Amino acid sequence: MYGLGILKGLRVTWDRFWSTYTEDIAWLARGKKRYFNEEGVKARAHKDTRGIFTVQYPEEKLIIPEEFRYVPFLVYDEAADGKKEVRCTSCGICAKVCPPQCIWIVRTNDPATGRPVPVPADFYIDADICMNCGLCAEYCPFDAIIMDHDFEIASYHRNVFNMEHLLKPASYYKNIRPLNYQRNEDERKAKEAAKAAKAEAAN
Amino acid sequence: MATTFLTSTVDLVARFPGSVTADARPGYHGFIVEKDKLVEIATAIRDEFGYDLLTAVTGVDYLPENKMEVVYHAYKTTGGPGLMFKVQVPRVGPVEVPSLIEVYPGVDLQEREAWDLLGIKFTGHPDLRRILMWEGFEGHPLRKDWKEPFYEEDFKPFKSRWPEGKHVSAEEKNPFKDNLKYPQNFDPEKWIPEGDAMLYGSLARYTTVDPEGLKADRIVVNMGPQHPSTHGVFRAAITLEGETIVGLKPVVGYLHRNHDKIGERNTYLQNMPYTDRLDYFNSMSNNFGYAIAVEKLMNIKVAERAEYLRVIMAELSRIQNHLVFVGMLLNDLGAMYTPALYAFEERELILDIFEATAGSRMMCNYFRFGGVVRDVPEGVLQKIKDLVFDRLPAKTDEMERFLSENEVLVSRLQGVKVIDAEDAVRFSMTGPVLRATGVPYDIRRADPYGVYDRFDFDVAVRYNGDLMDNYLIRLDEIRQSLRILEQAVKQIPEGPINSQKPQYQVRVPAGEAYGRIESPKGELAFYVISNGKPNPWRYHVRPASFVNITALEKMCLGTKIADFVVLLGVLDIVMGELDR
């Protein structure tokens, strides 16, 4: 019969339309809120999601997975006396690997000897050019540059971030990327242990 | 990973003694053909040896040797490896190569591209205009001695970034215009785009006289570049007689950024994230093609687990591409948004997987030479399984129920010819559009790469070559991709995800490589030449979208203007890849 195909298709839209409301009622019956909370957003990204699917940014935000990458930041460790110990040694690998060449590093030179000191004098990231590819963080041998999760950086001016802006504490890193942080720490400890063992063997 | 190009079963040198020599440069393959004999030899390659599908035409500028080269890659639609032949010409005066358009009409736009970007003149080409650059442009940007605005150095990394990297904005250092070359006596304010006159001149004549002596005007309609149905900034200049299309020229390049030139300034690794930006719906596939090309050059094996991860990601990418294709096709047809949003729902779930694994929803940058960046995080493989075994099959069926039998849709799509098999092959079309005409040519089967030869799947094929088949074949392909995924997630072994040590600058031996994959839109190939330095000497992308629109005029002639939107829609073009 002509029109049966249309009716079959409309059945799909009909089911989809009501499923939003049946879901809402089911959530209500369980005494839970489906909107504007993390659980609701999570359910909408689940494979069994039905009904309305959209996330109402900025009131609601998608759950960001650990590996999500956005414009990188520099990590510093907090020393016991509160001093910032910048992990970066200004080796320049990130600047060399950066595809759009948006990383600029000024290396510190010892004023007395003129030889390079492993601390950056300044560090710029041109966030307008950065393509968020994550290669800098991937190839940094010191875990000093890490891809951020903070994606809300729209502004009225050009975003050229200097070192002051880029530095964030290791605790922040641990907070946004716990698994990666743990892996780095384990690697570092293993390396230190190996070094100590070697030194002991030499003695 | 063998770097073999078929040279054994075809002996061109014996067939054409004196005018063909085998390319003996280290790392190179194929044959070098005498320029004057090119058309004759190409005809023989097509008719005698059966290489009916000419996929890529690449111009190469060998500045130090003071010569230019055009590289042709020909394949058989029955499958098997390809045949590469080249023609070399001195790089002085007008660089002229005979056009192959009579033998392989599919070279049309690619020859225009080589003319535009490298200044290789194809004698005998009927419409050799610029294609990607604008008509008032002077120079040929892919030539090695051409320098772009904001030029800094020939090769990245730039020396100004480290160790004395005081930040300067490019526009401060190098104000706009100062480095921009115009043709002589050129005033941009007074410039009248004569290219447009050339464009309309290349279309059919405006006025016709019918047998009764009645004069009738034809109308030229510009579809695009700002038109909701052209999927971006695509423009087609269409000549109409009444409502019937009698002439059509695609005008592209509005999104051109000279990806090839950027690629030649980059190091090998730096190109990986740039490939994401080609076909931005399928960055996983783009990564795949580029990784294969460079791995061929480096002659390295890919870690076993990574091979499976690559297949999983590429097939997920194909599924979401085809779902969005269906949604967007319906959008083009006027079924605004409902099918598109249903498709986007599944796409979101797939992109969530990409985001959790690669770090970004669309610009994945997931592949590395020898493997992938990182393993799938915990729980993600389970999520892939949930989608593959549970949700996606059901949703594909739902899409089928929703649309495939809808009488309005069927009457709109059925019987509207896209192209027939013979023309599709002649015009170098690949991908679902070719397979919908009855040619079961799928690179995953015809010339397997990665671990595709381990999976049991059928090459989706439909035989009518009409719009309906082009729609249905996408759903078929989703089902086949799901079959591959089911096997891949079951078989995926444990182990390392990269066979190489992570290095930020890879060592690539001199030579050439052509890495091709079956992207969701057709053949996506990368032709890379290394001279042993950290940056590729030549980096050329053969995008499916670009080559597929060669046949657009052929497809549209004689149809109604209302069908143009759908005919363009089924080609599934993406401007990021088309304009590069």
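pLDDT is the predictor's confidence in each residue, on a scale from 0 to 100. You will want it at hand, since this is a predicted model, in which local features need pLDDT of at least 70 and side-chain atom pairs count only at pLDDT 80 or more, while totals for chains, interfaces and linings use all residues. Residues are numbered from 1 along each chain as its sequence is written, and chains are lettered from A and ligands numbered from 1 in the order in which they are written.

**Stop one: chain A, coloured by confidence**

Select chain A: its average pLDDT is 88, and 100% of the residues score at least 70. Now pick out its elements (helices are DSSP runs of H or I with at least four residues, strands are runs of E with at least two, numbered from the N terminus). Strand 2 (residues 84–86) of chain A has the lowest mean pLDDT among them, 84, and strand 5 (residues 145–148) of chain A has the highest, 92.

**Stop two: the sheet in chain A**

Show strands 3, 4 and 6 of chain A, which make an open antiparallel sheet in the order 3-4-6; strands pair here if DSSP finds at least two bridges between them. Strand 3 (103–109) and strand 6 (160–161) of chain A each have a single partner strand, so one side of each is left without a neighbour in the sheet. Zoom in on strand 3 of chain A and strand 4 (residues 116–126) of chain A, joined by seven bridges. One pair to label is Asn109(A) with its bridge partner in strand 4 of chain A, Pro116(A).

**Stop three: where the chains meet**

Next, select the contact between the chains, with 44 residues from chain B and 40 residues from chain A (a contact means C-beta atoms, placed from the backbone, within 7 Å). On the side of chain B, helix 11 of chain B gives the largest share, nine residues. Colour that side of chain B by class and you get 19 nonpolar, 10 polar and 15 charged residues (nonpolar: Ala, Val, Leu, Ile, Met, Phe, Trp, Tyr, Cys and Pro; charged: Asp, Glu, Lys and Arg; polar: the others, Gly among them).

**Stop four: inside chain B**

Finally, split chain B into domain 1 (1–133 + 136–146) and domain 2 (259–578), with bounds from an automatic or database domain assignment. Their centres, taken over C-alpha atoms, are 26 Å apart. The contact between them takes 26 residues from domain 1 of chain B and 34 residues from domain 2 of chain B. On the domain 1 side, strand 3 of chain B gives the most, with six residues.

Technical notes
Contact = placed C-beta atoms within 7 Å.
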